Amino acid sequence: MMGRSFWTAGVLAVAMALAGCGQSSNDQSESASSGGDQNGKQAVNLIFGTGGTSGTYYPIGGALKGVFEKSDLIDNVQVVSTGASVQNINNIMDGTNQIAIVMSDVAYDALKGNNQFKGRPAKIDAIAGLYPNVVQIVALDGSNIHSVADLKGKRVGVGKVGSGVEASAKKVLASAGLKYDDLAKVSHTGYADSVTDMSNGNLDAAFFTSGVPNSSITGLMQNTKVHFVNVDGDTAKKLLQKYPYYENYDIAAHTKNKYDLANDVHTVSIRNLLIVPASMDKAVAKDLTQRFYDYLGSDSVSVAALKQFDRNTMNQNLVLPVHPGAKAFYDTLNKGGDGSNDNTDSAKQDNGAS
C-alpha cells in the first residue's frame, strides 16, 4: 500500500509539473494579447510595433518600454522596428504584436476593411490619440515643383512599401489627380534613404509624413537647397471631404523648432494612435493607458513629439473605438463622462457594421 501511494503521488507531481510548464507558444501569444491571469500569477509580455529606427515611432516605443514595465501586470515589453502602420496592424491581427503606434488613416482602413485590408477588417482599439503626423513634401530647389500636381513626371520618394507614409502619399497624389504611373520614378525609400537620394540628385522630391520637425528634413536642409510643397487648395479640400482623419495644418514661419522657414507651409495632418487588439484584457489596457497619461504629465518625457499634444484630448476625435479598459480610465478623469466619448460609441457601431 505504501508503494502504491508513493507511486501515485509521484505521478501526480509529474503531471502537475507538466501542466505548469506545458503552455504552448500559441497559448503564450494569446496570453500576451488577452492579459493572462490578473491575480498576480502571470504578468504578460508585450511586443511593441513601432517604425523605422530613423523615424519618431521607434524612440517613442523605447521611452514607453520602461514606463509600461513598471506595471505589475507587465513582465516585459519588447520594442521592435517595423515598416510602421500597415505592418503594425497586420502584426496585431496575427498576434505578433500586442501594442503599436499607427496613423489614423491606416487604422480607419483596417477598421473598415478597405484598401490593404479589403475583406479582412481588423479588430483593433485605440488606447490613446497622439500627436499629429504632418504631410511634409520636400522638393529640390530648381525642380519646378511648387504644388502636388507638379510632381507629375518627377522622381518621388513615397515611403516604404506598406508604411503610413506611402498610404498618405497615395491619397495626396490621387487628390491631385495623380497616380504612380504619372511619376517618372517611384522610390519606396524611408526617410534616411530619401534624404540621401535627394542630396545626390537622384530624387526630385519626397514625402515625409511625421511629427514636426522631422530630423531627416532638418539634416537635408543643412546641406541641400530644398523647399516645402503646400498641400492646399482643391487637393486639400478633396482630402478633407473624402477622409475623416485629415485636418488642415500650418507649419508656422520663423519658428526655430519648426525649421525656421521664411514662409508658412499649408498642408494637412493625420493623428497618430496607440492601439491594441480589441481582445486585450481590460485591466491591462486600463493600466497601460493610466501609466501613459501619468508619464505625459511628468518631467520625464524625452521624445519631442509626445510634447506636441494635450494629454486631456487623448480619447477625443478618434477614428477607432476606445478600448473598454482605456475608457474605464478616461471615465475616472471625466467623473462619469462629459460626452467626449460620443464618437467612440459611434465608432463601435460602425465597427459592428463592417
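This briefing covers the overall make-up, the core, one central strand and some unusual backbone points of a protein chain. The model is predicted. Its secondary structure comes to 12 helices and 10 strands. Buried residues make up 48% of the 354 residues in the chain.

**Overall picture**

- The accessible surface of the protein chain comes to about 16300 Å². Carbon and sulfur atoms account for 48% of that surface.
- Take the contacts between residues at least 6 apart in sequence: 73% of them join residues at least 24 apart.

**The nonpolar core**

- The largest nonpolar core has 104 residues. Those with the most contacts inside it are Phe68, Ile89, Leu151, Phe207, Leu274 and Phe292.
- Strand β4, residues 124-140, gives the most to this core, with 12 residues.
- Leu274 has a long list of partners beyond its sequence neighbours up to four places away. Among them are Phe48, Phe68, Ile99, Ala100 and Ile101. The list also includes Asp125, Ala126, Ile127, Ala128 and Leu130, as well as Phe292.

**Strand β7**

- Strand β7 spans residues 205-210. Of its 6 residues, 6 are buried, so the strand is largely enclosed by the rest of the structure.
- In a regular strand, side chains alternate between the two faces of the sheet.
- In β7, Ala205, Phe207 and Thr209 point one way. Ala206, Phe208 and Ser210 point the other way. All of these residues are buried.
- Phe207 of this strand is also one of the residues with the most contacts inside the largest nonpolar core.
- β4 and β7 run antiparallel and are joined by 6 bridges. Here Val138 stands opposite Ala206.
- Strand β5, residues 155-157, runs parallel to β7, with 2 bridges between them. Here Gly157 stands opposite Ala206.

**Two helices**

- Helix α4 covers residues 85-93. Its buried residues are Ser85, Val86, Asn88, Ile89, Asn91 and Ile92.
- An α-helix has 3.6 residues a turn, so residues three or four places apart point the same way.
- Ile89 of α4 is among the residues with the most contacts inside the largest nonpolar core.
- Gly95 follows α4 and has a positive phi, near 85°.
- Thr289 is found in helix α10, residues 282-296. With a relative accessible area of 1%, Thr289 is buried.
- Leaving aside residues up to four places away in sequence, Thr289 touches Ile127, Ala326, Phe329 and Tyr330.

**Unusual backbone points**

- Most residues other than glycine have a negative phi, and most peptide bonds are trans.
- Ala84 is not a glycine, yet its phi is positive, near 80°. Ala84 sits in the loop between β2 (74-80) and α4. Its relative accessibility is 13%, so Ala84 counts as buried.
- Tyr259 also is not a glycine and has a positive phi, about 80°. Tyr259 lies in the loop between β9 (246-251) and β10 (265-277). At 9% relative accessibility, Tyr259 counts as buried, because the cut-off is under 20%.
- The peptide bond from Val212 to Pro213 is cis, with omega near 5°. Pro213 belongs to the loop between β7 and α8 (215-223).

Conventions:
Residues are numbered from 1 along each chain as its sequence is written. This is a predicted model: local features need pLDDT of at least 70, side-chain atom pairs count only at pLDDT 80 or more; totals for chains, interfaces and linings use all residues. Side-chain values use heavy atoms; hydrogens and water are left out. Buried means under 20% relative accessible area, exposed over 50%, partly exposed in between (1.4 Å probe, protein chains only). Helices (H or I, at least four residues) and strands (E, at least two) are DSSP runs, numbered from the N terminus. Contact means heavy atoms within 4.5 Å. Accessible areas come from the Shrake-Rupley method with a 1.4 Å probe; for residues, only the protein chains shown count as cover. A nonpolar core is a set of buried Ala, Val, Leu, Ile, Met, Phe, Trp, Tyr and Cys residues joined through side-chain atoms within 4.5 Å. Two strands pair if DSSP finds at least two bridges between them.
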